[in-house]
Amino acid sequence: MSRQKSFPPVHEAWLPREHPMHRPRHGRRQLAALVCAVLFFTAPLTSWVLGARPTQLENRPLAAFPSITDGWGAFTGLNAWATDNLPFRKDAVQSVDALSRGIFGEPARLDGGSHTSPVGAGQVDEKPQIDENVFPAVIEGKGGWLYLGHDVSYRCVPKRSLDEVIAGLRRWKSVVEASGRKFQLVIAPDKSTAYPENMPDRYAGQDCSTKAREEFWKRVPGQTGALDMRKQLRDVAARNQRPIYHDIDTHWTHEGGITMAYQLAERLQPGVTSSWKVLPSRQYPHSADIPDLLGQDRTVNIQAYSLAPDGSDVDNTQFKPSDFHEPLHLDSPPKPGMVTAPMRMVGDSFTQFASPYLAATFTDVTIVHPDQVALDPAATGQLLSEGEVVTFELSERFVAGGRYPMLDPAVADQVGEVLAAHPVR
């Protein structure tokens, strides 16, 4: 009996053309696609060797090269790495925006992050009813004002309902207070909330975002105990005769940060701020975050302040730049006019403008970013357990849009277990 020879299996595309099983696979198209893919993924490496370096456009680190230990993630992560590390990415963004303005008379709709915190682990993954891509990354307002598109898109395409958001915040208040600690919640208003008059007359998402904003401020402060600073911020702006938000940056000024420090201290020790002495100090340029999304380098002039809690001429502020992804600890010897109860705080980029003044008025404060809470609840619980006061500063757009992973009640429960194991008597 004859034995047939066995051959290693090959794909039909590699069989001879005259073979009955040959199936062509669009070789020219595949070759072109392969060449483009190779160029895309090797361009960052080639450019780096030639001396070019990528530019960070968004307020987050450039994507790292995926590790082989990530399994399939090593392949899926290549796209983010190659995109972030293209050295001429910023020039491309500028060119696309200029082309869109020249031909269509409007800014390009560019994808991108913001200088606020990115959404981290634990994000609810539900398909939204509205495609977020219909909203621009930047909203150009009146008088040259720029607004972050997420002010609108996050309200119109929330990842959690407002009921779920409120339930999550109430759970945090419950677990913190059950451990014997005081709980404070501050919602930093969006710039579009503080200055809606400078928004354009018409813009995508106007109706849904306006409705969501009104419902948010109608319900959240009363049902969660959150500090509503909208009136105080406008009062300070009127007193100083200048806006308390930057016209081309999404954040409030240092005056907003000082206002938050005042409100928090007064909540804990009414009357403690009566001796505070605040004076203008240095000025410095700050890279504005919103123009970055258009590939533009623009700065705003920052006015900083000195703060002497005891009313003396000795400035007690500490300027320590940090994004709080690594906890920032600030301590100071007690003085009259200071809050001495140890405070542990969860805060985002708005707190960056407040941290010098919190350092001046609280003897012991440590700040961690909201993204870190869901990433490591055990470590967060340990950090918060060091304080007698737990304070949250959260941005309106991320809360209203249900974008903070820490809004999941399960995260609060995990942290609450650690706090309960270290109660304050």
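1. Start with one word: a residue is buried when its relative accessible area is under 20%, exposed when over 50%, and partly exposed in between (1.4 Å probe, protein chains only). With that in hand, look at helix α10: 11 of its 15 residues are buried, so by this definition the helix is mostly covered. The buried ones include H254, E255, G256 and G257, and further along the helix L264, A265 and L268 are also among them.

2. Some ground rules before you go on. This is a predicted model, where local features need pLDDT of at least 70 and side-chain atom pairs count only at pLDDT 80 or more, while totals for chains, interfaces and linings use all residues. Residues are numbered from 1 along each chain as its sequence is written, and side-chain values use heavy atoms, with hydrogens and water left out. As for the labels, helices (H or I, at least four residues) and strands (E, at least two) are DSSP runs, numbered from the N terminus.

3. Here's a check you can do yourself on α10, which covers residues 254-268. The expected span of a helix is 1.5 Å times one less than its number of residues. For the 15 residues of α10 that should give 21 Å, and the end C-alpha atoms are indeed 21 Å apart, so the two agree.

4. How do α9 and α10 sit against each other? Their axes come within 10 Å and cross at roughly 130 degrees. That makes α9 oblique to α10. Axes here are lines fitted to C-alpha atoms, for helices over the stretch in contact, and angles run from 0 to 180 degrees between N-to-C directions. Angles under 35 degrees count as roughly parallel, over 145 as roughly antiparallel, 65 to 115 as roughly perpendicular, and the rest as oblique. The crossing of this pair, α9 and α10, is right-handed; the rule is that a crossing is left-handed if the near helix is turned anticlockwise from the far one by less than a right angle, and right-handed if clockwise.

5. Now the loop between α9 (230-240) and α10, where you'll find T250. Is T250 buried or exposed? Its relative accessibility is 1%, so T250 counts as buried. The T250 side chain makes a polar contact with the side chain of R397, at 3.3 Å. (A polar contact is a pair of N or O atoms within 3.5 Å; within protein, one must be able to donate a hydrogen and the other to accept it, and residues adjacent in sequence count only if both atoms are side-chain atoms.) Q241 is found in the loop between α9 and α10 too, but Q241 is exposed, because its relative accessible area is 73%. Q241 also has a positive phi of about 60 degrees although it is not a glycine.

6. F324 has a positive phi as well, near 70 degrees, and it is a residue other than glycine. You'll find F324 in the loop between β6 (299-308) and β7 (328-331). With a relative accessible area of 0%, F324 is buried.

7. Don't miss the disulfide. A disulfide is a covalent bond between the sulfur atoms of two cysteines. The rule used here asks for a pair of cysteine sulfur atoms within 2.5 Å, and the count comes to one. The partners are C156 and C208, with sulfur atoms 1.9 Å apart. They link distant parts of the chain: C156 is in helix α5 (residues 150-156) and C208 is in helix α8 (residues 206-224), 52 residues apart. The link is right-handed, with 90 degrees about the S-S bond. C156 is buried at 12% relative accessible area, whereas C208, at 31%, counts as partly exposed.

8. Stay with α8, since Q206 is in that helix. Q206 counts as buried at 16% relative accessibility, and a polar contact of 2.9 Å joins its side chain to that of R202. Q206 and S153 are 53 residues apart in sequence, yet 9.6 Å apart in space, C-alpha to C-alpha. Helix α6 (residues 162-178) packs with α8 at an angle of about 25 degrees, their axes 10 Å apart. The two helices, α6 and α8, are therefore roughly parallel to each other.

9. One last spot: Q184, which lies in strand β3 (residues 182-188). Q184 is buried, with a relative accessible area of 3%, and its side chain makes a polar contact of 3.0 Å with the side chain of T391.
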